[in-house]
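I opened a fresh notebook page for this one and jotted things down as I went. Here is what I looked up, entry by entry.

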Amino acid sequence: MNRRIAIKQIGLLTGGLVILPYACNVEPNIIYYNLPTIKGAQQKTIGHICNIILPEDIINFPTLESRQEFVLTMVNDCYAESKVEKFIKGFDIISILINEIKFENLSIEEQISFIDKQTKSNDSSSFFLKTLKKYSLLHFESSENYMVDYLNFEFVPGRYLGSVSA
Amino acid sequence: MDKNKYDVIIVGAGMSGGWAAKEFCEQGVKTLLLERGPNVEHLKDYPTTNMQPWEFKHRGRLTSKDVEENPIASRCYAFREDAKHFFVKDKHHKYGQVKPFDWIKGYQVGGKSIMWARQVQRWSKYDFEGPARDGYAVEWPINYNDLHNWYSYVEKFVGVSGNKDGLDVLPDGDFLKPWETNIVEEYFSKSMKKHYKDRYVIYGRCAHLTESKPIFLKQGRGLCMSRNICQRGCPYGGYFNVNSTLIPWAMKTGNLDLKPNSVVHSVLYDESKQKGTGVRVIDSKTKESKDYFAKVIFVTASTLNTNLILLNSKSKRFPKGLGNDNGLLGKYIAFHNYRATISAQYEGFPNFTTEGIKPTSHYIPRFRNVYKQETDFLRGYAAGFGARPLRETIRSGYGQDLKNQLLNTRETGVWNVGSHMMGETIPKRSNVVTLDPEKVDQWGIPQLNIDIDYDENDEKMLKDFFDEFTEMYSKAGFTNIKTLDNKRNPGNDIHEMGGVRMGKDPKTSLLNRWNQLHNCNNVFVTDGACMTSTSTQNPSLTFMAISARAANYAIQELKKSNL
């Protein structure tokens, strides 16, 4: 594991342990300036859906930031205003629906089925869910271990061989 | 020596100015090198050079703010999260566009040499003879023989990898060993030889160190480690840029005074002496004005800024700009047409792949109208050629199934292949830059208005590229062939040239065969502005050779007290 990632994760773990007894209901306090209505609880919901779409695996594929943090950062920073609006509108629709069906009580298979069905809808919730999938994929596929172990990425190859047996 | 007086002033610390500085300083000439942007010191000022892909907050992507604030710069392929700090932001230096033109700028010591594509091909005699033979622009006052030795001189210093191919259309240079070819590139090269008598697929010639030599060790540069993220600046000095090579070299002589943050307003002219006497500089931070003086002035501020400075250098003798008696300054600007690309697939080598990365692709030299006019358009195009194994990653579904699919990513045995056109455009009187009569920039210098566009010749050439490459690809057995006109604006190629062209006749050109202004012979222009025509090759090597040649001529003339 990358040394920097390891230190960060140890920090997060120990920090969490220290805080836990006193702050069981603590929510992430990151403010995304283009997503003012998406606060701690909403961010957590988004993180949860991302994790259902593509499970986060911090042991085998550690990253510098959590999935939730990465996805929201990308939407906040890289989406133009019109896309941000569509994303928020989609989230509002999803929020109502998951409350109605008590999403958190469903099995993982049922949650996936809901996400799949809603991704095929014609409203903004489809855009919202596709965004979560797009950036969840990017987060996973750009993780160090995936790039190195599965895409054969080398930062300093020092060579180019043109005809290698596959 | 008076602190404002030098032997030579060079305007612009990019590739051309860097070469001039090296030559002057090495030969004992006290040199002032002015750069409008900040200093970028090799190693010290490459903030992203050692960042892994997963360390970038946006994984290399631009933010919406980047795109909204920089619609022009963000269209450049290298303006990404890892290197955007080396590009001039749109609001920083505005210009007028009579027609859409992407002026991509790099204001810093080293200029665009930090982010350049590093492809370096010599011109041939057919390129220099083009305008005279085909009756456009004006005749070049120099030919390949005038530059041959200077090309070698530059290549040996910067380090160029390539293969000696023995082609008269693209002369060989003093090369380091080439990067390895891959099996599909080799196959396509053989296919071209089989089907055409005058079309070649050769190793790309690029400014990367593939061999160690004493000169490179002396420069403090190491071998290219094939990271292919050169636009960030290279900690090994594996590719040539001004910062790793020319500036430290010139600095060591003790003859260089480098002044960053110095925006040149104009060249000063003394009517009694009939010479340029110096330059007026605006400090980019304090906006204060200061004059510097020298016997010789090299204007190498990059093509369009060189035009701007000369147009703004007005005097009683030269009311339309320095040296502009014939009114041609700022006219006949041309560029390279990079609009056409073609892609396909090849299934002939399913059991082969590649390892590592190479910082270049293969190259197809111009084959149209080389020896005689044979098409309904003038001149021709070169092209790149690259092949890489196609990787398949299935991203359907959700949850653990999706993750399992990602973990089953694999190479398919199919190869993706592709080419892009590098077309010569014809310098035309109607392709011009002028000074805005009212608008000024933040330094009080008139804004440049750019009026440059494609023409019918470019459209015909584009169609020919699609037809010919579709045929070449089909003959090679490539499938799924797709052509694309990416409609990019002129300027997006970052190869704008001309406006202060060289020529034999002062009535039809601005510069003589030594790059001196015909009417003010101690002022030299050796960057892209001096180009009479553009040919198809990436131009930087020619700019460097011309700069080295002109600087050495100026040194000889200084010694004879002729300047």
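**Entry 1: where the chains pair**

I began at a spot where the two chains share strand pairing: strand 1 of chain A runs antiparallel to strand 12 of chain B (residues 352-356), with four bridges between them. To pin down the register I picked Val164(A), and found that its bridge partner in strand 12 of chain B is Thr353(B). A note to self before going on: this is a predicted model, with an ipTM of 0.93 and a pTM of 0.94.

**Entry 2: the rest of the contact between A and B**

Next I asked myself how many residues of each chain are in contact. I found 39 residues on chain A and 37 on chain B. On the chain A side, the elements that supply at least two residues each are helix 2 (40-53), helix 3 (67-78), helix 5 (108-119), helix 6 (124-141), helix 7 (144-150) and strand 1 (160-165). Which of these gives the most? My old friend strand 1 of chain A does, with six residues. I also sorted the chain A side by residue class and wrote down 25 nonpolar, eight polar and six charged.

**Entry 3: chain B as a whole**

I then stepped back to look at chain B in full. I listed 12 helices and 21 strands for chain B. Its radius of gyration is 24 Å, close to the 24 Å that the globule rule gives for 563 residues, so chain B is as compact as a globular protein of that length. Along the principal axes, the C-alpha atoms of chain B fill a box of roughly 80 × 55 × 50 Å. I noted that 52% of the 563 residues in chain B are buried. For contacts in chain B with a separation of 6 or more, 71% come from residues 24 or more positions apart. I checked confidence too: the mean pLDDT of chain B is 98, and 100% of its residues reach 70 or more.

**Entry 4: two domains in chain B**

The domain assignment splits chain B into domain 1 (1-44 + 75-159 + 241-334 + 431-444 + 496-563) and domain 2 (194-202 + 336-424 + 454-489). I put the distance between the centres of domain 1 and domain 2 of chain B at 34 Å, over C-alpha atoms. Their contact takes 13 residues from domain 1 of chain B and 15 from domain 2 of chain B. On the domain 1 side I wrote down four nonpolar, six polar and three charged residues.

**Entry 5: a hairpin in chain B**

Is strand 6 of chain B (residues 262-270) buried or exposed? I found seven of its nine residues buried, so strand 6 is largely enclosed by the rest of the structure. Strand 6 of chain B pairs with strand 7 of chain B (residues 275-283), antiparallel, over eight bridges. One of the residues I looked up here was Ser262(B), whose bridge partner in strand 7 is Asp283(B). The two strands form a hairpin with four residues between them, and Gln274(B) in the turn has a positive phi of about 55 degrees.

**Entry 6: a three-stranded sheet**

Last, I traced an open sheet in chain B with strand order 3-17-16 and mixed pairing. Strand 3 (96-97) and strand 16 (432-440) of chain B are its edges, each pairing on one side only. Strand 3 of chain B runs parallel to strand 17 of chain B (residues 446-451), joined by two bridges. I closed the page with Gly96(B), which stands opposite Asn449(B) in strand 17 of chain B.

Conventions. Residues are numbered from 1 along each chain as its sequence is written. Chains are lettered from A and ligands numbered from 1 in the order in which they are written. This is a predicted model: local features need pLDDT of at least 70, side-chain atom pairs count only at pLDDT 80 or more; totals for chains, interfaces and linings use all residues. Two strands pair if DSSP finds at least two bridges between them. The radius of gyration is taken over C-alpha atoms; the globule rule is 2.2 Å times the number of residues to the power 0.38. A residue is buried if 20 or more other C-beta atoms lie within 10 Å of its own, exposed if 12 or fewer, and partly exposed in between; C-beta atoms are placed from the backbone. Two residues are in contact if their C-beta atoms, placed from the backbone, lie within 7 Å. Ala, Val, Leu, Ile, Met, Phe, Trp, Tyr, Cys and Pro count as nonpolar, Asp, Glu, Lys and Arg as charged, and the others, Gly among them, as polar. Domain bounds come from an automatic or database domain assignment. pLDDT is the predictor's confidence in each residue, from 0 to 100.
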